[in-house]
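Hi everyone, thanks for making the time today. I'd like to walk you through one model, so please have the viewer open and follow along.

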Amino acid sequence: MNNLTIDVTAACNIGCEFCYQDLDGSELSLDEIMTNVKAGINSKNIDIVEIGGGEPFMYRHLSELLTNLACLGKRAHVSTNATFIPQGLLDLESRVRDNTLIQASLHASNPSLYREVTKRNLFNNVISNIKKIKEKYETVISSTIYDKNFDDVPNILNLAYELDLPIRINLV
């Protein structure tokens, strides 16, 4: 199984301390992305297109991109901070939703630590949005662990279990 990773936008609405991305606010056009996807499909038989950023939920053509990938028979994996849900995402047709996995970042188990890690007070939004997303999409949680949230790992795991979602732990 071959994957193609595309960072569709270099914009983000939070400021995680561990982020390594060069976030200059730029984004790829839908045509640029589809040209790269089709080239990848032709040269490497791509099965999954990993959509990242920045924050891909800020990408204004995300719904169109997911629909295009479904039409090509390619699975999409979207990595998001889940601080908001783009308009129309939950209403995409089932063949598009069934073809898409949403990986929601959750780097803390409580609002206080989440604010320290991300510089934003959006913990409750993220939990609420994850619940909404998981009703429509295959969903997993991803947590980046570093010195500030290392001791919170058992609580993050418990929260993932409470949300009834698998979790992926990434060490910095």
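**Aromatic pairs, strands and a pocket**

Let's start with the rings: this model is a predicted one, and the count of aromatic pairs in it comes to 3. One of them is Phe 18 with Tyr 146, where the ring centres are 5.4 Å apart and the planes meet at 65°, so the pair is edge-to-face. For the angle, the cut-off to keep in mind is that planes over 60 degrees apart count as edge-to-face. Where do Phe 18 and Tyr 146 lie? Phe 18 is in the loop between β1 (2-7) and α1 (30-44), and Tyr 146 is in the loop between β5 (138-145) and α6 (153-162), so the pair ties together parts that are 128 residues apart in sequence. And are Phe 18 and Tyr 146 buried or exposed? Both are buried.

Now to the strands, going from β1 onwards. β1 and β2 run parallel and are paired over 6 bridges. Between them the chain passes through α1, and this β-α-β crossover is right-handed. If you click on Leu 4, its bridge partner in β2 is Val 49. Stay on Val 49 for a moment, as it also stands opposite Ala 76 in β3. Then take Ala 76, whose bridge partner in β4 is Thr 100. That lets you step from strand to strand on your screen.

Let me fill in the pairings behind those steps. β2 and β3 are parallel too, with 4 bridges, and Glu 50 stands opposite His 77 in β3. Here again we have a right-handed β-α-β unit, made of β2, helix α2 (residues 62-71) and β3. Next along, β3 and β4 run parallel and are joined by 5 bridges. How many of the residues of β2 are buried? The count is 5 of 7, so β2 is mostly covered, with buried meaning under 20% relative accessible area.

For the docking people in the room, here is the largest pocket, with a volume of about 740 Å³. It is lined by 30 residues, and the closest to its centre are Tyr 20, Gln 21, Ser 79, Ser 105 and Thr 144. Which elements give two or more residues to that lining? They are β1, β2 (46-52), β3 (75-80), β4 (100-105), β5 and β6 (167-171). By residue class, the lining divides into 10 nonpolar, 16 polar and 4 charged.

Next, a couple of backbone angles to look at. Most residues other than glycine have a negative phi. Lys 119, however, has a positive phi near 70°. Lys 119 sits in the loop between α4 (111-118) and α5 (123-136), and at 47% relative accessibility it counts as partly exposed. Asp 164 is another residue with a positive phi, near 60°. You'll find Asp 164 in the loop between α6 and β6, and with a relative accessible area of 62% it is exposed.

Last stop, helix α6, which holds Ile 156. Is Ile 156 buried or exposed? Its relative accessible area is 0%, so Ile 156 is buried. For a sense of distance, Ile 156 and Asn 3 are 153 residues apart in sequence and 28 Å apart in space, C-alpha to C-alpha.

That's my tour, and I'm happy to take questions.

Note on methods
Residues are numbered from 1 along each chain as its sequence is written. This is a predicted model: local features need pLDDT of at least 70, side-chain atom pairs count only at pLDDT 80 or more; totals for chains, interfaces and linings use all residues. Side-chain values use heavy atoms; hydrogens and water are left out. Rings of Phe, Tyr and Trp (its six-membered ring) pair if their centres lie within 6.5 Å; planes under 30 degrees apart count as stacked, over 60 as edge-to-face and the rest as tilted. Buried means under 20% relative accessible area, exposed over 50%, partly exposed in between (1.4 Å probe, protein chains only). On a 1 Å grid over the protein atoms alone, a cavity is a set of points where a 1.4 Å probe fits but cannot get out, and a pocket is an open set with protein on both sides within 12 Å along at least five of seven lines; lining residues have an atom within 4 Å of a point. Grid points are joined across faces, edges and corners, and a volume is the space filled by probe spheres set on the points. Ala, Val, Leu, Ile, Met, Phe, Trp, Tyr, Cys and Pro count as nonpolar, Asp, Glu, Lys and Arg as charged, and the others, Gly among them, as polar. Two strands pair if DSSP finds at least two bridges between them. A crossover is right-handed if, with the strands pointing away from the viewer, the path from the first strand over the helix to the second runs clockwise.
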